[in-house]
Amino acid sequence: MSSGDIDALLRVTSPDYVGTSHPDIAFGTLDGPLGRLTLAVTGRGVVACSYEDENVVFERISREVGTFIGPDPRRLDPVRRELDAYFSARLRAFTTTVDLRLATQFSRTVLQMMLSVPYGTVTTYREIAERIGRPRALRAVGNALGSNPVCVIVPCHRVVESESVLGGYAGGSAAKERLLRIESRA
């Protein structure tokens, strides 16, 4: 178990938590080149890879997914290894599965579409809206991408407003630019 897992859990769980079995939801953090990512993994896959504060992520997961949350390196470490490999341009496609239950039905549709956008390419909000059969839903597509609970792994950073305008990103514009640079040099 990494010190990031322990620190994250100490910040969000009660101090008298003692567990002997593996939690339903593995919870921890990864300090990477874009800052701290909060990670959570269920039996279905990665439910959170978020730039949001770990308290916010923890509360949302405990409210919407389950309450038996704790450190579990056997589920967190493979995700960390893939993220590390991605950040160093050694990984083009994540093999870890995602659990999109924190997203609305519409958002799941948009995020599933994002999984088909190839590494090293970009698309636009308009193209995504057209591909899901909702050509006028540009703002809704933007909102779905902005609330992506599994950033980086579900590559919402590959969506730009236009050829000359990057558009927003949950991790900030500098993070979006860096992710696109990583993908362009591989």
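Helix α3 (73–87) lies across strands β1, β2 and β3 and runs at about 25 degrees to β1, where axes are lines fitted to C-alpha atoms, for helices over the stretch in contact, and angles run from 0 to 180 degrees between N-to-C directions. Helices (H or I, at least four residues) and strands (E, at least two) are DSSP runs, numbered from the N terminus. The model is predicted, so that local features need pLDDT of at least 70 and side-chain atom pairs count only at pLDDT 80 or more, whereas totals for chains, interfaces and linings use all residues. Residues are numbered from 1 along each chain as its sequence is written, and side-chain values use heavy atoms, with hydrogens and water left out.

The sheet beneath this description is open and consists of four strands in the order β3-β2-β1-β4, with mixed pairing; two strands are taken to pair if DSSP finds at least two bridges between them. Its edge strands are β3 (46–50) and β4, each of which pairs on one side only. Helix α2 (residues 54–64) also packs on the sheet, touching β1, β2, β3 and β4 (contact meaning heavy atoms within 4.5 Å), and its direction makes about 160 degrees with that of β1.

Within the sheet, β1 (residues 25–32) is largely enclosed by the rest of the structure, because six of its eight residues are buried, that is, under 20% relative accessible area with a 1.4 Å probe and protein chains only, as against over 50% for exposed residues and partly exposed in between. Seven bridges join β1 to the antiparallel strand β2 (residues 35–41), in which T38 stands opposite T29, and the hairpin that joins β1 to β2 passes through two residues. To strand β4 (residues 69–70), which runs parallel to β1, there are two bridges, and G70 in β4 is the bridge partner of A26. Strands β2 and β3 are antiparallel and joined by four bridges, A40 having A48 in β3 as its bridge partner.

Helix α7 (residues 173–185) comprises 13 residues and reaches 18 Å from its first C-alpha to its last, close to the 18 Å expected, the expected span being 1.5 Å times one less than the number of residues. Its buried residues are A175, K176, L179, L180, I182 and E183. These cover an arc of only 155 degrees around the axis, which puts them on the same side of α7, the arc being that of the directions from the helix axis to the C-beta atoms. The buried residues of α7 pack against α3, α5 (125–131) and β6 (159–160), whereas A174, S184 and R185, on the other side of α7, are exposed.
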